[in-house]
Amino acid sequence: MSTQTTQDFHSVVKSRHSVRQYDSSVKISKEEMTEILQEAILAPSSSNLQPWRFLVIEQEDLKKKLHPIAFNQGQVLQASAVIAVFGDMEWYEHAEEIYSDAVKAGFMTEEVKQAFIASAENVYRHMDEERKKSILYTDGGLVSMQLMLSARAKGYDTVPMGGYDKIKLHEEFNIPTHYESIMLIAIGKAEGPVHPTSRLPLEKVTYWNEMK
Ligand SMILES: Cc1cc2nc3c(=O)[nH]c(=O)nc-3n(C[C@H](O)[C@H](O)[C@H](O)COP(=O)(O)O)c2cc1C
């Protein structure tokens, strides 16, 4: 069943809510999941180095394996899939490939490419772990948000999850050690009513020009 729909941006943003109860009979085709991921990876990233990596967990036996790792959160079993988002701690190794593609596409000159590669080498390779992780979490957050909005635009619901055991996820799903776990995202079709949440008033979280 395809639920492909196109909605205007405001409806997409306003209708996204974290959903924890899913219609477990709904499957998302590989084609549609690919489209969602394809849109997600249009997100911006530091130096366009796209450190995100995804593991799409859709098989029932694997969702069952993930369930206790995610502290038995029900959406892991009910959702059509759970997408584990990672950040590659060696992301700058792909600089050559990424910038060469940009040159081929006419987006960048060879000269700029060489400068970008040199800068990626100098800046990222020698960074301490903590700063590297902060880049992965920033870029990983942006791609995750874009994924959730892309899913919503197609009529699907999601919930981001930080409640899981990262060490066990690595161990039990054989995740390479240089992949830092960012979050899990359950994706599927909501079952029952979706619950909105409140927000602090904008004036409580926004300063104009000066922080006072
Ligand atoms: C980083 C992060 C981790 C979260 N972890 C969980 C989680 O483990 N389980 C869960 O049910 N919801 C989780 N949430 C969802 C939040 O509870 C939810 O986004 C928040 O209450 C606002 O509701 P809304 O998403 O419907 O606007 C998480 C959200 C974020 C951003």
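Buried residues account for 41% of the 212 residues in the protein chain. Keep in mind that this is a predicted model. The chain holds 9 helices and 4 strands, and there is a ligand with 13 residues around it. Here's a run through the ligand site, the aromatic rings and a handful of individual residues.

**Overall layout**

- Reading from the N terminus, the elements of the protein chain go α-α-β-α-α-β-α-α-α-β-α-β-α.
- The C-alpha trace of the protein chain spans about 55 × 45 × 35 Å along its principal axes.

**Around the ligand**

- Ser-18, Arg-20, Gln-73, Gly-162 and Arg-199 come nearest, out of the 13 residues around the ligand.
- Sorted by class, the shell around the ligand has 3 nonpolar, 7 polar and 3 charged residues.
- Strand β3 (residues 157-161) supplies the largest share of that shell, with 3 residues.
- Ser-18 makes a polar contact through its side chain: one of its N or O atoms is 2.6 Å from an oxygen atom of the ligand.
- Gln-73 also uses its side chain, where an N or O atom is 2.7 Å from a nitrogen atom of the ligand.
- With Gln-75, a polar side-chain atom lies 3.5 Å from an oxygen atom of the ligand.
- As for cover, the ligand on its own has 630 Å² of accessible area, and the protein covers 62% of it.

**Aromatic rings**

- Searching the whole structure turns up 4 aromatic pairs.
- One of them is Tyr-99 with Phe-116, an edge-to-face pair at 5.1 Å centre to centre and 90° between the planes. The planes count as edge-to-face because the cut-off for that label is over 60 degrees.
- Tyr-99 belongs to helix α5 (residues 95-104) and Phe-116 to helix α6 (residues 110-124), so this pair ties together parts that are 17 residues apart in sequence.
- How do the two partners sit with respect to the surface, buried or partly exposed? Tyr-99 counts as buried, at 2% relative accessibility, while Phe-116 is partly exposed, with a relative accessible area of 37%.
- Trp-91, Tyr-92 and Tyr-124 come together as one aromatic cluster.
- Phe-173 has a charge over its ring: the charged end of Lys-65 sits there, 5.1 Å from the ring centre.

**Two positive phi angles in one loop**

- Ser-47 isn't a glycine, yet it has a positive phi of about 55°.
- Its place is in the loop between α2 (30-40) and β1, where Ser-47 is partly exposed with a relative accessible area of 31%.
- Asn-48 also has a positive phi of about 55° without being a glycine.
- You'll find Asn-48 in the loop between α2 and β1, and this residue is partly exposed too, with a relative accessible area of 41%.

**Other residues to look up**

- Glu-58 is in the loop between β1 (52-57) and α3 (60-69). At 38% relative accessibility, Glu-58 counts as partly exposed.
- From Glu-58 to Phe-86 the C-alpha to C-alpha distance is 17 Å, with their positions 28 residues apart in sequence.
- Leu-77 is part of helix α4 (residues 75-78), and Leu-77 is partly exposed, with a relative accessible area of 33%.
- If you pick Leu-77 and Ala-120, which are 43 residues apart along the chain, their C-alpha atoms are separated by 40 Å.
- Asp-88 lies in strand β2 (residues 81-88). What is the relative accessible area of Asp-88? The value is 3%, so Asp-88 is buried, given that the label applies under 20%.
- Asp-88 and Gly-74 are 14 residues apart in sequence, and C-alpha to C-alpha they are 28 Å apart in space.

Methods: Residues numbered from 1 in each chain as written. Predicted model: local features only at pLDDT ≥ 70, side-chain atom pairs only at ≥ 80, totals over all residues. Heavy atoms only, no water. Near = heavy atom within 4 Å. Polar contact = N/O pair within 3.5 Å; in protein donor to acceptor, adjacent residues only side chain to side chain. Areas by Shrake-Rupley, 256 points an atom, 1.4 Å probe, with all protein chains shown as cover. Nonpolar A, V, L, I, M, F, W, Y, C, P; charged D, E, K, R; others polar. Phe/Tyr/Trp six-rings, centres within 6.5 Å; stacked < 30°, edge-to-face > 60°. Buried < 20%, exposed > 50% of the residue type's maximum accessible area, 1.4 Å probe, protein only. Lys NZ or Arg CZ within 6 Å of the ring centre and 35° of its normal.
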